[in-house]
Structure formats: structure tokens, C-alpha cells
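Visitor: I have a model open on my screen and plenty of labels I'd like explained. Could you walk me through them?

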Amino acid sequence: MFKVPRSFSYSSASVYKQCPRRWKYKYIDKLPDPTGEAALVGTFAHDVLEQLCKEEPALRTEQKANEIARNNWSEFAERKDFKKLELDEDSKRNFRWKAWDAIKGLWRLENPSQVEIEATEQRLSTSLLGVPFFGIVDRIDRDEDGLVVVDYKTGKVRHENLDQVLLYSAAVSEKTGEQPSKARLMYLGNREIDPQIVETDVSEDLMTKAITDLSDTWNKLKNNLDSEEFETATGPLCGWCSFIENCPDGINYVRKRADSGRLKPDAPARSLLGI
Ligand code: SF4
């Protein structure tokens with residue numbers, strides 16, 4: 001029997017829901033799962049916005065964000081996960097532009113100087129329906145209706161991610177006794193995708209739905225941990241799975257997709273499997 005994890009985050013639950021075997025490779029076997037370029041662009045942008053939002057309201061300007069980004073760059077470029085990308089000078093410049101596009105996206109969604117920010121990068125750890133939930137919420141704001149739970153996103157718009165901010169809202173309610181009024185995802189966008197806000201009013205019903213879903217996932221995971229068996233869930237994302245070389249089902253699936261011309265040209269599995 002494998003040990004039950006001490007905490008369960010939204011991203012861990014998402015990995016499990018996508019593919020239980022992938023969850024095992026990542027969290028039990030702890031196989032290397034290098035962070036991709038897109039995720040690191042998001043990390044850089046998040047760090048800059050976190051620092052910016054700690055400034056006095058009047059100082060939360062694009063100019064200040066630019067200054068923070070410049071100051072942060074040399075240290076960021078020395079990170080192991082960034083170095084592993086092995087980017088040449090042109091690609092590094094492109095990386096910085098992508099991150100800057102995401103950072104600038106904030107001003108297309110709001111004027112941060114006019115936002116009342118109560119907390120940034122707030123760690124939340126609480127039991128939700130028996131699940132040891134853990135998460136770090138990017139921002140907690142206050143507007144005329146009450147608390148607003150905010151998470152920045154740098155990828156494509158996915159409405160199902162509202163569950164993440166609803167879980168954070170439930171954790172904030174649990175911790176502070178004050179139920180947030182809104183849960184908001186701020187998709188910062190890039191050159192191809194316009195920035196967009198996806199949000200919902202927070203209600204008991206919506207929070208309960210998100211918590212029940214998390215609890216169902218947690219209970220399924222506990223069954224897998226008991227039996228030490230984790231089924232595979234093959235799908236197009238196998239082409240991007242870091243663990244493909246360890247997964248016979250994934251290899252078969254990806255090879256079939258490649259044979260039928262349905263494997264995307266940029267899928268990393270191509271080089272990993274020599275396709
Ligand atoms: S390759 Fe596919 S089936 Fe195998 S672990 Fe990864 S996502 Fe799951």
C-alpha cells in the first residue's frame with residue numbers, strides 16, 4: 001500500500017484526473033518532469049506581478065513592472081529548470097518578449113493602481129470534506145461586494161479552471177470566516193490570444209460542487225494507493241507527457257497517432273521516441 005499524501009492541490013488533482021498513471025509517475029515514483037518553456041514564461045510573469053502588487057497602488061505601473069522584470073531576469077536565467085531549456089540568445093529574447101506580453105496583459109484587464117489588494121501569494125491549507133487541500137492563491141482583493149479571489153493564468157482559456165478559484169474561496173471562507181463574493185481567473189493572453197477575465201459569483205452551491213468533485217478525485221486516488229494500481233488514460237496529451245518513455249500504453253497510443261498522421265508536429269514525444 002502506498003502512503004496517502006499529506007496534502008492535495010488543485011494541480012495534483014488535475015494531473016490525476018487527466019491520467020492516474022501519470023500521477024503515479026510524478027508523485028510516487030518522482031520521475032523527472034521538466035518544466036516546459038510555456039510554464040516557465042508563466043512563472044516569470046507571475047513573480048513580476050506578485051512583486052508589483054506588493055507596491056503602493058500609485059506605483060503599480062507598467063514602467064515599474066518593466067523595472068522589476070529587468071531586475072529579476074539575471075537571477076531567473078540562472079535557474080536550473082530554465083537552463084535545461086538550452087535556449088540560444090534569440091530564443092531567450094523571445095522568451096522575455098512572451099513573458100512581457102503576459103505581464104502587460106494585466107493592464108488590458110484592469111488598472112492595478114485602482115485595486116484594493118489584501119494579500120498576494122497567500123498559502124491556504126485546510127480540510128475540505130476530509131481532503132487535506134493545499135493551494136497558493138495569487139491575490140485576494142476587496143471590492144464593493146467583498147473579497148475577490150484572483151488567479152493569473154498564462155495559457156489558453158479553460159472555464160473548468162474556475163473550480164480552482166472556487167476551492168480557494170472555500171479555503172478562504174474556512175480560514176477567515178468571510179465568504180468571498182467573487183472568484184476570478186485573469187487570463188493574461190499573448191500575441192495570439194487576447195487577455196480575458198473569467199469569473200463567477202461565489203455561492204455555497206458552487207463551492208460545494210467543486211469540493212465534492214475534489215473529494216471524489218481524492219477517494220479514487222486513495223483506492224489506487226491501496227491497490228498500488230494506477231490505470232492509464234491515453235489521449236492526445238500523451239504526446240506531451242514527460243513520462244512517455246516509461247509508459248507502454250502511452251507509447252502504443254502515440255505511435256498509432258503518428259502512423260495515422262494525427263500526432264502534432266510539435267509533440268515532444270516525437271523526439272523522445274524517435275518518431
Ligand atoms: S503517456 Fe499517456 S497514458 Fe502514459 S502516463 Fe502519460 S498521459 Fe498517462
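**Asking why, residue by residue**

Guide: Let's start inside a helix. Not counting residues up to four places away in sequence, Val48 touches Ala65, Ile68, Ala69, Asn72 and Ile103. Val48 itself sits in helix H3. Keep in mind throughout that this is a predicted model.

Visitor: What makes Val48 count as buried or exposed?

Guide: Count the C-beta atoms. Val48 has 26 C-beta neighbours inside 10 Å, and 20 or more is the mark for buried. So Val48 is buried.

Visitor: And where is Val48 relative to Asn246?

Guide: They are 198 residues apart along the chain, and their C-alpha atoms are separated by 36 Å.

Visitor: Let's try Leu166. Why does Leu166 get the label it has, buried or exposed?

Guide: Same kind of reasoning. Leu166 has 25 C-beta neighbours inside 10 Å, set against a cut-off of 20 or more, so Leu166 counts as buried. You'll find Leu166 in helix H7. Leaving aside neighbours within four places in sequence, Leu166 is in contact with Ala183, Val202, Leu206, Met207 and Ala210.

Visitor: How far is Leu166 from Asp201 and from Glu204?

Guide: Going C-alpha to C-alpha, Leu166 and Asp201 are 9.4 Å apart in space, with their positions 35 residues apart in sequence. For Glu204 and Leu166, the figures are 9.7 Å in space and 38 residues in sequence.

Visitor: How do you know whether Glu204 is buried or exposed?

Guide: Glu204 has 10 other C-beta atoms within 10 Å. The exposed label needs 12 or fewer, so Glu204 is exposed. Glu204 lies in helix H8.

Visitor: H7 and H8 keep coming up. What makes their packing parallel or perpendicular?

Guide: Their angle decides that. Helix H7 (residues 162-176) and helix H8 (residues 204-227) pack at about 105°, with axes 9 Å apart. The band from 65 to 115 degrees is called roughly perpendicular, so H7 and H8 are roughly perpendicular to each other.

Visitor: Which residues meet there?

Guide: From H7 come Asp163, Leu166, Leu167, Ser169 and Ala170, and from H8 come Leu206, Met207, Ala210, Ile211, Asp213 and Leu214. By class, the residues of this contact of H7 with H8 are eight nonpolar, one polar and two charged.

Visitor: Why are H1 and H2 described by the word they get?

Guide: Helix H1 (residues 10-18) and H2 pack at about 135°, with their axes 5 Å apart. Roughly perpendicular ends at 115 degrees and roughly antiparallel needs over 145, so the pair is oblique. Ser12, Val15, Tyr16 and Gln18 of H1 make the contact with Pro20, Arg22, Trp23, Lys26 and Tyr27 of H2. That contact of H1 with H2 has five nonpolar, two polar and two charged residues.

Visitor: There's a ligand too. Which residues come nearest to the ligand?

Guide: Of the 15 residues around the ligand, Cys19, Cys238, Cys241, Cys247 and Gly250 come nearest. Two elements give two or more residues to that shell: helix H2 (20-28) and helix H9 (248-259). H2 gives the most, with three residues. The shell holds nine nonpolar, three polar and three charged residues.

Visitor: What makes Lys30 stand out in its backbone?

Guide: Lys30 has a positive phi of about 50° although it is not a glycine. Lys30 is placed in the loop between H2 and helix H3 (37-53). With 8 C-beta neighbours inside 10 Å, against a limit of 12 or fewer, Lys30 counts as exposed.

Visitor: And Glu121? Where is Glu121 found, and how is its exposure decided?

Guide: Glu121 is found in strand S1 (residues 116-128), and has a positive phi of about 45° although it is not a glycine. Glu121 has 15 other C-beta atoms within 10 Å. Exposed stops at 12 and buried starts at 20, so Glu121 is partly exposed.

Visitor: Why is Arg96 given its exposure label?

Guide: Arg96 has 17 C-beta neighbours inside 10 Å. That falls between the cut-offs of 12 and 20, so Arg96 counts as partly exposed. Arg96 is in helix H6 (residues 89-109).

Visitor: Last one: how is the protein divided into domains?

Guide: There's domain 1 (37-112), domain 2 (115-225) and domain 3 (234-275). The centres of domain 2 and domain 3, taken over C-alpha atoms, are separated by 32 Å.

Definitions and conventions: Residues numbered from 1 in each chain as written. Predicted model: local features only at pLDDT ≥ 70, side-chain atom pairs only at ≥ 80, totals over all residues. Near = placed C-beta within 6 Å. Helix = DSSP H or I, 4+ residues; strand = E, 2+ residues; numbered from the N terminus. Nonpolar A, V, L, I, M, F, W, Y, C, P; charged D, E, K, R; others polar. Domains from an automatic or database assignment. Axes fitted to C-alpha atoms, helices over the stretch in contact; angles between N-to-C directions. Parallel < 35°, antiparallel > 145°, perpendicular 65-115°, else oblique. Contact = placed C-beta atoms within 7 Å.
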